[in-house]
Amino acid sequence: MTVPHPALDARAGEVLVTETRAEVAYLSETRADLLVRARADGRRVALVSDEVTRLSYPMREALRDSGGAWVVRGIDGTLRDGSDGRRLSSVGEIATRGPITAAEDVAVRFLRPVAPQSVQLVVSQAVRHRATVDTQLGGTAELFAEDLMGAAPSGWGAHEPAVVAWDRARLTELARNRMPEETTVVVAGTPERPLVGTIRTARTEHGLEETTQLVVGVGAPGSPQARAAIDALPGTFDRLATRSMPLFGLVMGRQGRRDLTFPSVLEAPPVPLAMLVGPPGVRDLGLPVDELVRTLGARVVGRPRVPGLYFPLGTLERDGWQAFDEVLRAIGHDRVREALGAPRGPWEGVLDGPRP
């Protein structure tokens, strides 16, 4: 990067450093631009913050997708990775760090327990559309938001904060005007109905592929609201498969902050709750629908002529990893990977573990 960038504060070897002292680090326009430019130049970005800083979900995902890292400076002056707690001797070490091999590699301050405030559902769903003038984007985000928290998203935008009023027609127009380039937008809810996420649209040989990634706050741990939202998942996936052409979907449950931000301390890992193999996957993988219904408790969703399969995996009280692995073995691990292409969002790393 030859021209100084407004978000660039320093360099640590090949690593570009952007600093913040804010309580919450959002995916602002300048930060998003720095990540895009750095990736194009083959550089990594380190977001350096104090321990009080938390990341928004779009910021965390953008950092990860671009190969960047979150470096936290402790009150004692030590450095650590804000995502996995790895001790760092310098900011530039993010470019050469190896895997965590011992407990001593993790900073003690990362292991401080934090009481969870909310049950969060982490949704990742890809849908295929025909590339026609009648196609309208945003339906997946709207369906999950309405079913899980009782209202459509309140806002959207190219960056955070997503303050433009929710409007699927305008969202679609933006993506259409940018074709054949990919378009990623941020969506948001309200403090009363917390939701945050992204919608990515890309042109493919089959039409348009819309990938929706959401974090939805559905109520306090153990609350009737949280349980009702999880119980609603089969019906939501059924409606999704009836109204559109879903590809693959995954919902994971976790417990975290009410405002859906991510602190720089260890939180309980997410657990798989539900998985959808849409009609194209059922067809392309040649799945034995009746057998999977009988042996794994799958549920046929969508239109009878082009069925999809919904797999219940677990609950917040019952670990869903074993059921998830059973589904992968029945379908064929390598075939799922091939059908998924490049995993994104919660699919990233899920196929290979490690399991918590």
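**Helices, cis prolines and a few loop residues**

Start at Gly150. Gly150 comes just after helix 3 and takes a positive phi of about 85 degrees. Helices here are DSSP runs of H or I with at least four residues, strands are E runs of at least two, and both are numbered from the N terminus.

A word on the model. It is a predicted one: local features need pLDDT of at least 70, side-chain atom pairs count only at pLDDT 80 or more, and totals for chains, interfaces and linings use all residues. Residues are numbered from 1 along each chain as its sequence is written, and side-chain values use heavy atoms, without hydrogens or water.

Back to helix 3, residues 139-149. How many of the eleven residues of helix 3 are buried? Eight are, so helix 3 is largely enclosed by the rest of the structure. Buried means under 20% relative accessible area, and exposed means over 50% (1.4 Å probe, protein chains only). Here is the list. Thr140, Ala141 and Glu142 are buried. Leu143, Phe144 and Ala145 are buried too. Leu148 and Met149 complete the buried set of helix 3. Note that Glu142 is in that list.

Next, a pair of helices. Helix 1 covers residues 29-40, and helix 2 covers residues 57-65. How do helix 1 and helix 2 pack, and at what angle? The angle is about 10 degrees, and the axes are 10 Å apart. That makes helix 1 roughly parallel to helix 2, a term for angles under 35 degrees. Which residues make the contact? From helix 1 come Arg31, Leu35 and Arg39. From helix 2 come Met59, Ala62, Leu63 and Asp65. Contact means heavy atoms within 4.5 Å.

Now the cis peptide bonds. One joins Glu160 and Pro161, with omega at about -5 degrees. Where is Pro161 found? In the loop between strand 10 (155-157) and strand 11 (164-165).

Another cis bond runs from Met179 to Pro180. Its omega is near 10 degrees. Pro180 sits in the loop between helix 4 and strand 12.

Stay in that loop. Glu181 is found there as well, between helix 4 and strand 12. Is Glu181 buried or exposed? Exposed, because its relative accessible area is 51%. Take Leu208 as a second reference point for Glu181. Glu181 and Leu208 are 27 residues apart along the chain. Their C-alpha atoms are separated by 11 Å.

On to Leu260. Leu260 is not a glycine, yet its phi is positive, about 70 degrees. Look for Leu260 in the loop between strand 15 (245-256) and strand 16 (271-277). What is the relative accessibility of Leu260? The value is 2%, so Leu260 counts as buried. So Leu260 combines a loop position with a buried state.

Last residue: Ser89. Ser89 lies in the loop between strand 8 (87-88) and strand 9 (118-129). Its relative accessibility is 66%, so Ser89 counts as exposed. How far is Ser89 from Arg43? The C-alpha atoms of Ser89 and Arg43 are separated by 20 Å. Along the chain, Ser89 and Arg43 are 46 residues apart.

To recap, with the structure on screen. Find helix 3, largely enclosed by the rest of the structure. Find Pro161 and Pro180, each following a cis bond. Then find Leu260, buried with a positive phi.

Terms used: Axes fitted to C-alpha atoms, helices over the stretch in contact; angles between N-to-C directions. Parallel < 35°, antiparallel > 145°, perpendicular 65-115°, else oblique.
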